[in-house]
Amino acid sequence: MALEQINLPDDLSTISQTATSLQLIKLADNRSDIFVKSSQPAIHNYVPCDFHLVDQALTWILDNYLLTGNRFCELGSGMGVAALLASNHRMESVGIEIEPTLVEESCLLARELVLPTRFYCGSFVPRNVANILELSQGIEHVVTDEGDVYDDIGLAPSEFDLFFAFPWPGEHHFFESIFQQCAADGACLLTYQGRDGLNLVRKI
Ligand SMILES: C[S@@+](CC[C@H](N)C(=O)[O-])C[C@H]1O[C@@H](n2cnc3c(N)ncnc32)[C@H](O)[C@@H]1O
């Protein structure tokens, strides 16, 4: 199994956003600021990404019919903003997050925004990943020894069409390895890579 690179357009950031997306991102940014300043102890693994770019990438991916289905999964969903944006794009969307307080914040946002996004507290790392010990070497910002939540979701990793993750620098390969092992052929993985923007690959 290989990963095919899908080049996102250079002018992604010029794609227009709907008023609802802008309102969603503004509310989430405010909540995220409050959360980061007030959470004790601080959750060091939580860093939010550029949600405008994620929203614009979702528009581009959907407008270009790149997906084999409509299911979206945010791996390590933080405040759940990418998963909420996917719901706003009418995808069937879930977020998986290991920190209970972040899951509570995400559920609160979903209720306030009246979006059907479902959030699950637990690990996105599937139990059956081969060579997990080897893969986890040097991975410091992903919890790799907790039980996964796919039974609770009622869907296996192979039943999602688009995954999104914001890996810490140097941990991108961990997400790609898991995606390569567990996703269905044709599924896509969108990752936010800080200064380098977004990266999109498809499993072939
Ligand atoms: C860099 S943050 C990204 C948050 C969000 N996706 C975003 O883009 O704003 C990574 C998140 O992954 C969560 N996380 C780490 N290991 C996890 C695991 N095994 N399962 C679920 N969430 C995990 C952390 O608690 C953190 O909230």
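A residue counts as buried under 20% relative accessible area, as exposed over 50%, and as partly exposed in between. By that rule N70, at 37% relative accessibility, counts as partly exposed. The structure described here is a predicted model, and the report moves from its overall form to single residues.

**Overall form**

The protein has seven helices and seven strands, and read along the sequence these elements follow the pattern β-α-α-β-α-β-α-β-α-α-β-α-β-β. With 204 residues, a compact globule would have a radius of gyration near 17 Å, and the protein, at 16 Å, agrees with that expectation. Taken along the principal axes, the C-alpha atoms fill a box of roughly 45 × 40 × 35 Å.

Of the 204 residues, 50% count as buried. The protein exposes about 10,100 Å², and carbon and sulfur atoms supply 50% of that area. Among contacts between residues at least 6 apart in sequence, 70% join residues at least 24 apart. As for charge, there are 11 positive and 28 negative side chains, and the centres of the two sets lie 7 Å apart.

**Helix α3 and the residues that follow**

Helix α3 spans residues 81–88, and seven of its eight residues are buried, so the helix is largely enclosed by the rest of the structure. The buried residues of α3 are V81, A82, A83, L84, L85, A86 and S87. Just after α3, R90 takes a positive phi of about 70 degrees.

R90 also appears among the contacts of N70, which is found in the loop between α2 (51–63) and β2 (71–75). Not counting residues up to four places away in sequence, N70 touches R90, M91, E92 and D161. N70 and R195, by contrast, are 125 residues apart in sequence and 29 Å apart in space, C-alpha to C-alpha.

**Positive phi values in two loops**

Most residues other than glycine have a negative phi. Against that background, V114 and N131 can be set side by side.

| Residue | Phi | Loop | Relative accessibility |
|---|---|---|---|
| V114 | near 50 degrees | between α4 (100–113) and β4 (118–121) | 70%, exposed |
| N131 | near 45 degrees | between β4 and α5 (132–135) | 37%, partly exposed |

V114 counts as exposed because its relative accessibility of 70% is over the 50% limit. N131, at 37%, counts as partly exposed because that value lies between the 20% and 50% limits.

**Aromatic pairs and the surroundings of F174**

A pair of aromatic rings is described by the distance of the centres and the angle of the planes. A search of the whole structure finds five aromatic pairs. One of them joins F174 and F175, with 6.0 Å from centre to centre and 85 degrees between the planes, an edge-to-face arrangement. The pair qualifies because its centres lie within 6.5 Å, and the edge-to-face label applies because the angle is over 60 degrees. Ring pairs also link F124, F174 and F175 into a cluster.

F174 is buried, with a relative accessible area of 0%, and F175 is likewise buried, with a relative accessible area of 5%; both values fall under the 20% limit. F174 lies in helix α7, which covers residues 172–182. Not counting residues up to four places away in sequence, F174 touches F124, V125, I132, L135, S136, I139, V142 and T144. I132, one of these contacts, is 42 residues from F174 in sequence and 9.5 Å from F174 in space, C-alpha to C-alpha.

**W168 ahead of helix α7**

W168 lies in the loop between β5 (162–165) and α7. At 27% relative accessibility W168 counts as partly exposed, because the value is neither under 20% nor over 50%. Not counting residues up to four places away in sequence, W168 touches H44, N45, V47 and H141. W168 and L12 are 156 residues apart in sequence, and their C-alpha atoms lie 22 Å apart in space.

Terms used: Residues are numbered from 1 along each chain as its sequence is written. This is a predicted model: local features need pLDDT of at least 70, side-chain atom pairs count only at pLDDT 80 or more; totals for chains, interfaces and linings use all residues. Side-chain values use heavy atoms; hydrogens and water are left out. Rings of Phe, Tyr and Trp (its six-membered ring) pair if their centres lie within 6.5 Å; planes under 30 degrees apart count as stacked, over 60 as edge-to-face and the rest as tilted. Buried means under 20% relative accessible area, exposed over 50%, partly exposed in between (1.4 Å probe, protein chains only). Helices (H or I, at least four residues) and strands (E, at least two) are DSSP runs, numbered from the N terminus. The radius of gyration is taken over C-alpha atoms; the globule rule is 2.2 Å times the number of residues to the power 0.38. Contact means heavy atoms within 4.5 Å. Accessible areas come from the Shrake-Rupley method with a 1.4 Å probe; for residues, only the protein chains shown count as cover. Lys and Arg count as positive and Asp and Glu as negative; His and the chain ends are not counted. The place of a charge is taken as NZ of Lys, CZ of Arg, CG of Asp or CD of Glu.
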